[in-house]
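Hi,

Here is the structure I promised to pass on to you. Have a look at it first, and then read my notes underneath.

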Amino acid sequence: MARPISQDEDAVLALSARLEKAGKAPGLTLAGETLTLDLCGGLWLAEHRTLIVSDLHLEKGSAYAARSGQFLPPYDTRETLACLHEAVARFDPACVVALGDSFHDARGPERMEPGDRAMVAALQEGRDWVWIAGNHDHAVSEGVGGRYAETMRLGGLTLRHEPSADAPQGEIAGHLHPCGKVTMRGRAVRRRCFVTDGLRLIMPAFGAYAGGLNVRNPVYEPLFPAGFIAHLLGDGRVFAIGKAMLAKD
Amino acid sequence: MAPTGAGKTLAGFLPSLTALAERPPAKQSRGLHTLYISPLKALAVDIARNLEAPIAEMGLSVRVETRTGDTPSHKRTRQIERPPDILLTTPEQLALLIAHREAADLFATLRCVVLDELHALVTSKRGDLLSLALARLHRLSPGLVAIGLSATVREPDELRRYLVPQGPLPGTTTDAVAVDGGPSRASETPALPPMADLVVVKGGAAPDLHMLETGLTLPLAGHTAWQAMPAIYDLIGRHRTVLVFVNTRLQAEYTFQELWRINEESYPIALHHGSLDASQRRRVEAAMAAGQLRAIVCTATLDLGIDWGDVDLVVNIGAPKGASRIMQRIGRANHRMDEPSKAYLVPANRFEMLECRAALDAVEEAAQDTPDARLGAPDVLAQHVLGMACADAFDPLALYAEIVSAAPYATLSWEDFEAVVDYVATGGYALRAYERFAKIQRGPDGLWRVRDARTAQQYRMNVGTIVESAKVKVRLARGVRGKPGAILPKGGRVLGEIEEDFADTLTPGDTFLFAGEVLRFEGLAEDEALATRAGPGTDPAIPSYAGAKFPISTFLAARVRAIIADPFEWDRLPKQVADYLVQQRSRSLLPGATDLLVETFPRAGRHYLTAFPFEGRLAHQTLGMLLTRRLERARMRPLGFAANDYGIAIWLTRDLSERIALEPDFLEALFAQDMLGDDLEAWLDESAMMKRTFRQCAVIAGLIERRYPGQAKTGRQVTISTDLVYDVLRKHQPDHLLLRAARQDAATGLLDVKRLGVMLRRIQGRIIHKALDRVSPLSVSVMLEIGRERVYGEGADEILAEAEAQLLEEALG
């Protein structure tokens, strides 16, 4: 009765190997700038030696404990910072930009453990560090080093937290926590992703406890009127997947 | 303890009714006298109705009431102010009652507690929760009599211990110093743990049980039993009311559909399983009670419960899975002791014929294989500790003494208890981040108190151990007239619910069986899955959706192995199975009763390994995963595996027969027990099953709030996924209470690691290898599973790569 579902895992493995050879970190051009979409969820601009990460949501765990009495493991901040540390060690950026919602709420920095605070300071040492304002942590930068900005220009790029409706070319934003879902042969894979249409790019959330909003949600439509490609963070590399192959939630 | 149908339930109330009758009639409430706990809400309501008749006949002034989730709040309040003589309720409601501020007063007068269907309750976390509530009742009302009502079980002593407080065991602390060269005092027989008295009602008439023989040759795999449908239909025609039990919801759907396809007489045949809309299930139950149905196709949802209808035949389709389980199902027919229950076992494939034979033998000997007593789960304990703080300030030493008096927690150490209290207070994290938000706080008097009313409210919202997976309603969408393929978003009726996890895997256009029909998935709209009826003759494409799948019991598996090993037994098997075994013996080998047969052979450009441990699907899936990892490390390039209840098949790129010929110890090393060490840990941590298990523990222990049906689904952006929490926790505090709880569950639950361990010990030095040049008859059965089940070991990246390839095709084409 249940018709066997055809699947040839050999073909899939071979294909995946071919694609792997084609390059682990897909490059992308936006407003004349070359971007590297990193598997950690960060964006590397080699020419500017700048690493961009978005929606760190530091101290989200403690925000839940303070607000609703839900005691999530209080290790999300150090986990997020450890991932960031790994990327910083790899790229050695001259500048790190945190693209808003770096803290889950405005009181996040107060609740941060001294060890985590020291980790932030160590990451900032010897490099420019920019906190872009987000909607969760508007104007937070006190006591956490770095400098603060509403938006930032970088070559032909504009960096801001919330994607703007009147899409200026070369905008890089976060805020939406995009994730893409692929369903195939009775299996579903849901991963964080970069989304771009060649004009603008929306970054995945970097924070350990940050959730995701499916890219097929209607809120993305006005931002990408002509469709988009999502770059999903797989286990071993980033996968470029067309809108048609992405499932709704 | 009595066989099903012996009238246990009313017997359980007799002492209470006698005692109440002897009391002078009271003007006002005399306090709660008897508490009755049932696993099913409907059963409690039904028993209340059945009690009222004898009470009225005897002219007793006894007030009987029920308290369930449906009881209105004014009545709940009144029940506490003016308690009835007898209260009938469920384990969850009891947990809420003992956490009530008035609990001490309410239960001070309690003389008797009756636990119905105890054999079914004690095998789950609900049984842990109930044991803790029972310990509290024993404390609130010393001298309380606890009566457990149970079907026949393998180890009645375990139930007897469950009912009475387990004090610290005398004899265990005796010093072992020999005096004057005399015998050590420790050699004295240690005192037995306290146990309740046992009343055994001997079984009534022996069941009239047969294997259904259709004369047709059965396939080697598959669980649909399609060939038996006309015979089952014929049986329905010759009986008043037939219960047709199946093992999964998918089988229920299939069987229901097939029976209707050949239902020329238009017999009223209904369907009953856990995914169907509750109102639909109630309608089916009511129709059954009214004698309006000729047959119900049902899953384990009707294993327990109300005596309704006039069932004169039980048909069990597929593998019996366990001897006790099949006996309880058979007992659903002719719910009277003096008449034999009539039942047919219907095997769906040749292996199930072996299993049915083993089950018939077991029933004849009245052998039981109910599971071992549980070790109390830490997550349930955490829930209980918070509840006890809600009831009143608690002294940790006194609460500890009370908890270890509950049989499942009798071995709990003081350190583990403290860890649970610490978890309840601040989450139990090594990083003391949440001290100032503590849910329970220790006062200068040394007592722990709940922080505030909100925390108590959170506890009440979270009580219970049944964690429903998130569900999505399935609504029949209407097609737009004149526009094929287009659908109206709403308007059709709701057919039931499917697990969100399953809905997540559906792509528009996928067809699946649901509520007795083949449906075509059209898409998700808000919280609903929209579907249309697929055209006639459509095969459902998606093979299965979540639903309980019990593995074959260790006991039955051993019997099946013994039958295979002993050619003298084959005479008792249907000829086609005996012939099949003869063929296997001539082409390959037949393993002895405790041996493990491993076959290796090439087929269609690949190499295969098959093994037949007969330890059930869950243990085999775990085994398959671990063997694949090891073969990977041995550079044999495994590609995937499939498992069923009897064996596993692994396929590889490299030639395993050759490797084994070169390295005679290879197989022994491959199956060595140490695979349950690091490999298991590493795999467990990544496995989706483990994440699901963790989620359940996190919900029960109150880390994650429950989602309620009807409650608006919050966007994924704001809810925290337990998978993320799990990943962070295992990295930063791998010995956290909830991770330990999840591992404890994995040992016996979804992953059956414990059973795998026993098997690996059993087969040491008993692996029999046969290198073949083609697939053997035995191996065909498990090879047929390939493609039916999801291929394990297929990673997320392979799926993503395939989706990416589509994009490349678009770009290039």
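Let's begin in chain B with strand β7, residues 242-245, which is covered on both of its faces. B:Val242 and B:Val244 are buried on one side, and B:Leu243 and B:Phe245 are buried on the other. Keep in mind as you click around that this is a predicted model.

Which strands does β7(B) pair with? One is strand β10 of chain B (residues 313-317), in the parallel sense and over four bridges. There, B:Leu243 sits opposite B:Val314. Another is strand β9 of chain B (residues 295-298), again parallel with four bridges, and here B:Phe245 has B:Cys298 as its bridge partner. If pairing is new to you: strands in a sheet pair through backbone hydrogen bonds, and they can run parallel or antiparallel.

Some of these residues turn up again in the largest nonpolar core, which has 290 residues. Among the members that touch the most others are B:Leu243 and B:Val244 from chain B, along with B:Val297, B:Val315 and B:Ile650, while chain A contributes A:Val182 and A:Ile241. Try selecting B:Val315: leaving out residues up to four places away in sequence, it touches B:Ile232, B:Leu235, B:Val242, B:Val244, B:Phe245, B:Tyr344 and B:Val346. As a rule, nonpolar side chains in soluble globular proteins tend to be buried together.

Next, the helices. How do α12 and α13 of chain B cross? Helix α12 covers residues 323-330 and helix α13 covers residues 350-364; their axes come within 9 Å and cross at roughly 75 degrees. Angles from 65 to 115 degrees count as roughly perpendicular, so that is what α12(B) is to α13(B). On the α12(B) side the contact is made by B:Ala323, B:Ile326 and B:Met327, and on the α13(B) side by B:Ala359, B:Ala362 and B:Val363. Sorted by type, the residues of this contact are six nonpolar, no polar and no charged.

Last, there is an open sheet of five strands in chain B, in the order β17-β14-β20-β19-β18, with mixed pairing. Why do β17 (494-499) and β18 (511-514) of chain B each have one side without a neighbour in the sheet? They stand at the edges and each has a single partner strand, so nothing in the sheet flanks that other side. From one strand to the next, the twist averages 45 degrees. At the β18(B) edge, the partner is strand β19 of chain B (residues 517-525), antiparallel over four bridges, with B:Leu513 bridged to B:Val518.

Have fun exploring!

Key
Residues are numbered from 1 along each chain as its sequence is written. Chains are lettered from A and ligands numbered from 1 in the order in which they are written. This is a predicted model: local features need pLDDT of at least 70, side-chain atom pairs count only at pLDDT 80 or more; totals for chains, interfaces and linings use all residues. A residue is buried if 20 or more other C-beta atoms lie within 10 Å of its own, exposed if 12 or fewer, and partly exposed in between; C-beta atoms are placed from the backbone. Helices (H or I, at least four residues) and strands (E, at least two) are DSSP runs, numbered from the N terminus. Two strands pair if DSSP finds at least two bridges between them. Axes are lines fitted to C-alpha atoms, for helices over the stretch in contact, and angles run from 0 to 180 degrees between N-to-C directions. Angles under 35 degrees count as roughly parallel, over 145 as roughly antiparallel, 65 to 115 as roughly perpendicular and the rest as oblique. Two residues are in contact if their C-beta atoms, placed from the backbone, lie within 7 Å. Ala, Val, Leu, Ile, Met, Phe, Trp, Tyr, Cys and Pro count as nonpolar, Asp, Glu, Lys and Arg as charged, and the others, Gly among them, as polar. A nonpolar core is a set of buried Ala, Val, Leu, Ile, Met, Phe, Trp, Tyr and Cys residues joined through C-beta atoms within 7 Å.
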